[in-house]
Amino acid sequence: LGFYYDDMYQWGFGAGIDNITIMGEETRAVDFGLLSMVSPVSDCYLSENEELILAIKNMGDTDAMPGDMITLQMTVSTGLIAEEQIILENMLTPGEILNFTWPVDLDLSEPGSYDFEFLLSSELDYNILNNSLNTRIEVSGPVVAEILNQDLLFCENDPPVLIQVDPAGGIVSGTGIIGKTFDPSEAGAGTHLIEYTYTDPL
């Protein structure tokens, strides 16, 4: 930034003239925003070294240029606190998304809820309303498929019995099984194995 000052006083006319010239580049203003946590996502199982990917979007109408700096802060309910600085290697045009891989492995192996809080800051950023993100991940743990019927002793001429299961939505299979019912007359005398298979949709 250049600054030039010229002070001239004209004695004959009794007038003072001041000229001030400011030379320099116009400061850019960029609107960086936190869009989402791309990975990891809720699942039955997560590992001890999960990769964390955060989506950052140029939400304004001005290009972010190589060399521009973004600071990210992360707080996890496990007690983990981390901070990273991103120096853009390429231009980030309006509407473009940068997927940033956080250089830390997360231990999300225990079933439960994990809360994440992210904060973004940059000297170029003019809109702080989209600079925070809160999200939660659920790790449900293993699903136990069960047959709930207690009385599994039948006479061959007994009527069909509904096989009660938990969680619902799986497949009951075995001799004498028709849909979700067991038909003693179809199975015939003897001991029969009934299986219930459930696949978690997560």
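Leu35, Met59 and Ile97 together make a nonpolar surface patch of about 230 Å². Patches here are built from residues with over 30% relative accessible area and no salt bridge, with nonpolar side chains (Val, Leu, Ile, Met, Phe, Trp, Tyr) joined within 5 Å and like charges within 9 Å. Areas follow the Shrake-Rupley method with a 1.4 Å probe, and for residues only the protein chains shown count as cover. Within this patch, Met59 sits in the loop between strand 4 (50–58) and strand 5 (69–76), and its relative accessibility of 32% is why Met59 counts as partly exposed. The three exposure classes are buried (under 20% relative accessible area), exposed (over 50%) and partly exposed (in between), with a 1.4 Å probe and protein chains only.

The model is predicted, so local features need pLDDT of at least 70 and side-chain atom pairs count only at pLDDT 80 or more, while totals for chains, interfaces and linings use all residues. Residues are numbered from 1 along each chain as its sequence is written, and side-chain values use heavy atoms, leaving out hydrogens and water.

Taken as a whole, the protein chain has 1 helix and 16 strands; these are DSSP runs numbered from the N terminus, with helices (H or I) of at least four residues and strands (E) of at least two. Of its 202 residues, 29% are buried. The chain exposes about 13,000 Å², of which carbon and sulfur atoms supply 52%. Where contacts (heavy atoms within 4.5 Å) join residues at least 6 apart in sequence, 57% of them link residues at least 24 apart.

Tyr196 offers a welcome view of how the C-terminal strand 16 (residues 194–197) is placed. With a relative accessibility of 11%, Tyr196 counts as buried. Beyond its neighbours within four places in sequence, Tyr196 contacts a run of residues including Val165, Asp166, Pro167, Ala168, Gly169, Gly170, Ile171 and Val172, and also Ala145, Glu146 and Ile147. Two polar contacts (N or O atoms within 3.5 Å, one able to donate a hydrogen and the other to accept it within protein, with sequence-adjacent residues counted only if both atoms are side-chain atoms) can be described for this side chain. The Tyr196 side chain reaches the backbone oxygen of Pro167 at 2.3 Å, and a polar atom of the same side chain lies 2.8 Å from the backbone nitrogen of Gly170. Pro167 itself belongs to the loop between strand 12 (165–166) and strand 13 (171–174), and the peptide bond leading into it from Asp166 is cis, with omega near -10°.

A second cis peptide bond joins Ser39 to Pro40, with omega near 0°. Pro40 lies in the loop between strand 3 (32–39) and strand 4, and is among the residues touched by Glu50, together with Val104, Asp105, Leu106 and Leu108, when residues up to four places away in sequence are not counted. Glu50 is in strand 4. Although buried, Glu50 has no salt bridge, and Arg136, the nearest side chain of opposite charge, is 17 Å away. For this purpose Lys and Arg count as positive and Asp and Glu as negative, with His and the chain ends not counted. A polar atom of the Glu50 side chain does lie 2.8 Å from the backbone nitrogen of Ser47.

Asp183 invites a similar look. This residue is placed in the loop between strand 15 (181–182) and helix 1 (184–187). Asp183 is buried without a salt bridge, and the nearest oppositely charged side chain, Lys180, is 16 Å away. Its side chain makes a polar contact of 2.7 Å with that of Ser185, and outside its neighbours within four places in sequence Asp183 contacts Pro160, Gly176 and Ile178.

The structure holds 1 salt bridge, defined as a side-chain nitrogen of Lys or Arg within 4 Å of a carboxyl oxygen of Asp or Glu. The partners are Arg136 and Asp115, at 2.6 Å from N to O. This pair links distant parts of the chain, with Arg136 in strand 9 (residues 132–139) and Asp115 in strand 8 (residues 112–121), 21 residues apart. Asp115 is partly exposed because its relative accessible area is 31%.

Strand 8 also contains Leu119, which counts as partly exposed at 35% relative accessibility. The C-alpha atoms of Leu119 and Ser132 are separated by 4.6 Å, though the residues are 13 apart along the chain. Not counting residues up to four places away in sequence, Leu119 touches Leu34, Thr71, Leu72, Gln73, Asn131 and Ser132.
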